[in-house]
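Grab your viewer and work through the exercises below. Each one has a task, then a solution that goes step by step.

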Amino acid sequence: MIIQKQRTWLTANTEHEGFPIYFRRPDVRVAEFESLRPKYPVLLAVKHQLSQVKDNGLPEADYNDTLAPLDAALTDSFRDETDGLVALVETFAGKRTYYVYLASTFDTDNFMSGIAARFPQESLAWKRHDDPAWRLFNGYATDFGFA
């Protein structure tokens, strides 16, 4: 039996380019992420084009509620931190992007094909690339004052 870690999420919002931007990330001090970098050198960015948004680019409330199963599918798979760690979820300008740092052996194509098949009504795109220094996450931490 695998014991799932019960991470809590830190949330924040601010404005960027005149639009609200919402963040969610694990309740881990940024400095603690340092020890995880060698284990997860690959970044998977999953972009979800939201289909029902308000004028400010945020999802409509009722629609957002329907996205919980998709969110769980993209985040719960990494709760045990065996294959990766969801570092950040960003909602901005009609898109929600999940940034997941992965073990280099993780089968991204199989994982994402399964997600896309389970949620065919949602517009998903993804890109995997090496980011052993976690440049993307560090940039967000600096730009938006993560502690």
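## Exercise 1: the two sides of α4

On one side of α4, D109, N110 and A117 are exposed, where exposed means over 50% relative accessible area, buried under 20% and partly exposed in between (1.4 Å probe, protein chains only). Before going on, note that this is a predicted model, in which local features need pLDDT of at least 70 and side-chain atom pairs count only at pLDDT 80 or more, while totals for chains, interfaces and linings use all residues. Residues are numbered from 1 along each chain as its sequence is written, and side-chain values use heavy atoms, with hydrogens and water left out.

**Task.** Find which residues of helix α4 are buried, and what they pack against.

**Solution.**
1. Helix α4 spans residues 108-118; helices (H or I, at least four residues) and strands (E, at least two) are DSSP runs, numbered from the N terminus.
2. Its buried residues are T108, F111, M112 and I115. They sit on the same side of α4 because they cover an arc of only 90 degrees around the axis, the arc being that of the directions from the helix axis to the C-beta atoms.
3. The pattern makes sense: an α-helix has 3.6 residues a turn, so residues three or four places apart point the same way.
4. The packing partners of α4's buried residues are β3, α3 (68-75), β5 and β6 (123-130), with contact meaning heavy atoms within 4.5 Å.

## Exercise 2: a residue in β3

**Task.** Take V46 in strand β3 and work out which residues it is in contact with, leaving aside neighbours within four places in sequence.

**Solution.**
1. Start with accessibility: V46 has a relative accessible area of 1%, so it is buried.
2. Now list the contacts of V46: L74, R96, T97, Y98, M112, L124, A125 and W126.
3. Take T97 from that list. V46 and T97 are 51 residues apart in sequence, yet their C-alpha atoms are 5.5 Å apart in space.

## Exercise 3: helix α5 and what comes either side

**Task.** Sort the residues of α5 into buried and exposed, then look at phi for W134 and G145.

**Solution.**
1. In α5 (residues 135-144), F137, Y140 and A141 are the buried residues. Their arc around the axis is only 100 degrees, so they lie on the same side of α5.
2. The face turned away from that buried side has R135, T142 and D143 as its exposed residues.
3. W134, in the loop between β6 and α5, has a positive phi of about 55 degrees although it is not a glycine. Most residues other than glycine have a negative phi. W134 is also buried, at 0% relative accessible area.
4. Just after α5, G145 has a positive phi too, of about 70 degrees.

## Exercise 4: the largest core

**Task.** Which members of the largest nonpolar core touch the most other members?

**Solution.**
1. A nonpolar core is a set of buried Ala, Val, Leu, Ile, Met, Phe, Trp, Tyr and Cys residues joined through side-chain atoms within 4.5 Å.
2. The largest one has 19 residues, and F33, Y40, Y101, W134 and F137 touch the most other members.
3. Two or more residues each come from β2, β3 (42-49), β4, β5 (95-102) and α5. Strand β4 gives the most, with four residues.
4. Apart from this core lies another, of 18 residues, including A73, L74, V86 and F119.
5. Back to Y40: not counting residues up to four places away in sequence, Y40 touches E81, T82, D83, G84, L85, Y101, L102, A103 and W134.

## Exercise 5: aromatic pairs

**Task.** How many aromatic pairs are there in the whole structure, and how are F19 and F92 arranged?

**Solution.**
1. Rings of Phe, Tyr and Trp (its six-membered ring) pair if their centres lie within 6.5 Å; planes under 30 degrees apart count as stacked, over 60 as edge-to-face and the rest as tilted.
2. The whole structure has eight aromatic pairs.
3. F19 and F92 are edge-to-face, with 6.4 Å centre to centre and 85 degrees between the planes.
4. This pair links distant parts of the chain: F19 is in strand β2 (residues 19-26) and F92 in strand β4 (residues 84-92), 73 residues apart.
5. F19 is partly exposed at 33% relative accessible area, whereas F92 is buried at 13%.
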